[in-house]
Amino acid sequence: MNRPRLRHLVLVVAGTVLVGSGLALTRVPPRADAPDIGPPVAAAAAAPELPSETPDAVPPPPPELPPPPPPVAAAPVTVSLPAAPEPVPLVPVGVLASGALQLPERPTVLGWYAAGAVPGDAAGTAVIAGHVDSARYGAGPLEGLLDLGEGDLVEVTDATGDTHRYAVTARTSFAKSALPAELFRADGPPQLALVTCGGAFDERTGNYADNVVVVAVPVT
Amino acid sequence: MRRLSRLVLLPVAALGALVLTAAPALAAPSDQDVTWMQAAHQSNLAEIAAGNAAQQAATTPEVRELGAMFVQMHTQLDTQLTQAAQQLGVQLPGEPSAEQQRQLAAVQRNSGQAFDTAWIAQQIGSHSTTLAATQRELQNGSDGTVLDLARAATPVVEQHLTQLRDTARKYGVPTSVPGGTGGQVADGGLGTTGWALTGLGAVALVAGTAGLVRRRATSA
């Protein structure tokens with residue numbers, strides 16, 4: 001086989017490989033379309049089943065001391081996400097007359113839903129939400145939510161310096177109109193919910209179609 | 001509600017008489033005692049400033065009334081604290097912390113109902129932090145006078161927190177989380193790269209095939 005013929009054969013093979021892999025890459029979805037992981041969030045927010053029987057092998061502690069007061073957590077001030085190089089500052093936020101959460105304008109500052117649970121509380125869902133990106137300020141650290149996996153650690157530091165650690169158990173996308181109200185309950189099992197936007201982006205209205213919710217449970 | 005809420009100040013008033021008549025303490029308060037006194041004093045100053053801001057800018061009588069109540073009750077708490085600090089020789093800061101001042105300024109950048117929402121959320125955060133710090137003093141503090149102050153402050157702060165949460169609940173849970181306006185993460189797919197590779201491959205494929213065909217034609 002002479003050399004020009006070989007050169008052309010190489011071109012044909014390389015071309016075929018490039019066309020194939022290129023077409024495959026066009027199938028990779030935008031990052032905003034984060035796939036769901038773990039059990040659906042609504043199921044995670046349901047009240048836990050009480051154990052039917054407790055094993056009686058361990059004797060109960062002597063009831064001499066009065067029980068200490070349940071620990072109360074201070075307001076959260078930063079949250080550390082695996083993909084963000086630095087802890088992200090938090091501010092307490094509430095609900096506007098429109099029903100919308102009053103989120104900080106910049107994606108680099110996140111909101112803690114103050115009427116819900118406090119991170120570190122013994123019960124209830126602590127909600128931290130923010131803009132994934134902004135037309136004015138660009139993308140923020142919450143874009144990392146779209147890449148989180150089960151078991152990834154999220155740490156919240158409060159105003160007294162205590163750190164509350166959580167491990168990711170689930171990520172679910174909801175159409176914005178279908179965000180479950182149970183997410184904002186201050187009772188139920190203790191957990192952390194991180195909420196931002198994802199899905200298709202409407203250039204005309206400047207809004208995403210979905211909310212992406214990542215749920216994490218306390219790590220002791 | 002106002003009359004009932006003032007009842008929690010009765011122990012504070014009684015403690016005031018006690019502090020005034022007490023002999024100067026023999027033992028110096030611990031670092032924990034001093035840290036708590038300074039933080040509690042700054043919290044009182046911050047709540048008084050926030051209460052005054054609510055009376056000026058809040059849109060609902062409920063929030064204005066909460067502001068007035070906070071001014072009155074934190075002034076009374078702080079009077080006892082300041083007297084005790086003088087007796088114990090503890091230096092107190094002259095103004096709220098830089099962070100507390102920054103938080104109030106951020107709330108005051110809102111107007112109308114957005115002010116009320118931001119004020120309630122910020123106050124839930126600051127009272128949660130005060131309660132956690134006070135509980136820490138009750139667990140780790142040592143000076144009897146300072147512990148009495150912390151014990152007297154606890155039901156006052158708890159009551160404020162309950163009333164703030166009750167008020168926040170009237171705004172309902174969030175029905176929407178507007179988590180992004182930029183659309184950057186929706187552009188994160190590999191479509192462009194894929195099509196570029198496909199184009200490059202197609203060029204190579206055509207060139208290679210053409211070369212092979214030409215060679216076969218000339219050699220035939």
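1. A word on terms before we start: two residues are in contact here if their C-beta atoms, placed from the backbone, lie within 7 Å. Keep that in mind for α4(B) and α7(B), where Glu62(B), Val63(B), Leu66(B), Phe70(B), Met73(B), Leu77(B), Gln80(B), Leu81(B), Ala84(B) and Leu88(B) of α4(B) meet Thr145(B), Val146(B), Leu149(B), Ala153(B), Val156(B), His160(B), Gln163(B) and Thr167(B) of α7(B). Also keep in mind that this is a predicted model.

2. How do those two helices lie? The axes of α4 (residues 61–88) and α7, both in chain B, come within 11 Å and cross at roughly 170 degrees. Angles over 145 degrees count as roughly antiparallel, so that is the label for α4(B) and α7(B). Sorted by class, the residues of their contact come out as twelve nonpolar, five polar and one charged.

3. Next, look at α3(B) against α7(B). Their axes come within 10 Å and cross at roughly 40 degrees, and the two helices are therefore oblique to each other. The crossing is left-handed. On the α3(B) side the contact uses Asp33(B), Trp36(B), Met37(B) and Ala40(B), and on the α7(B) side Val146(B), Ala150(B) and Ala153(B). That set divides into six nonpolar residues, no polar ones and one charged. You've met Val146(B) and Ala153(B) already, in the contact of α7(B) with α4(B).

4. Helix α3(B) (residues 31–57) also has α5(B) (residues 98–108) for company: the axes come within 10 Å and cross at roughly 10 degrees. This pair is therefore roughly parallel. From α3(B) come Gln42(B), Ala46(B), Ala49(B), Ala50(B), Ala53(B) and Ala57(B), and from α5(B) come Gln100(B), Leu104(B) and Gln108(B). The tally is six nonpolar, three polar and no charged residues.

5. What does the record add for chain B? An unreviewed UniProt entry annotates "domain: DUF4142" over residues 32–165 of chain B. Over that stretch the chain is 86% helix and 0% strand, with the end C-alpha atoms 29 Å apart.

6. Now for chain A, where the thing to look for is a barrel. Eight strands close into it in the order β1-β2-β3-β4-β9-β10-β8-β7, with mixed pairing. Direction ignored, neighbouring strands of this sheet are turned by 35 degrees against each other on average.

7. Strand β10(A) is a handy place to start tracing. On one side, nine bridges join β8 (residues 163–175) to β10 (residues 207–218) of chain A, and the two run antiparallel. If you want a pair of residues to click on, Ala170(A) has Val215(A) as its bridge partner in β10(A).

8. Strand β9(A) (residues 191–202) pairs with β10(A) too, in the antiparallel sense and over nine bridges. Here the bridge partner of Thr196(A) in β10(A) is Val212(A). The hairpin of β9(A) and β10(A) has four residues between the strands, and in it Gly206(A) takes a positive phi near 70 degrees.

9. Finally, how many residues does each chain bring to the contact between chains A and B? It takes 57 residues from chain B and 69 from chain A. Helices α6 (113–140), α7 (144–169) and α8 (191–219) of chain B each supply at least two residues of the side that touches chain A. By class, that side of chain B has 25 nonpolar, 27 polar and five charged residues. So α7(B) is one to revisit: as well as supplying residues to the side facing chain A, α7(B) is in contact with α4(B) and with α3(B).

Technical notes: Residues numbered from 1 in each chain as written. Chains lettered and ligands numbered in written order. Predicted model: local features only at pLDDT ≥ 70, side-chain atom pairs only at ≥ 80, totals over all residues. UniProt positions renumbered as here; feature names shortened; annotations may be inferred. Pairing = 2+ DSSP bridges. Axes fitted to C-alpha atoms, helices over the stretch in contact; angles between N-to-C directions. Nonpolar A, V, L, I, M, F, W, Y, C, P; charged D, E, K, R; others polar. Parallel < 35°, antiparallel > 145°, perpendicular 65-115°, else oblique. Left-handed = near helix turned anticlockwise from the far one by under 90°.
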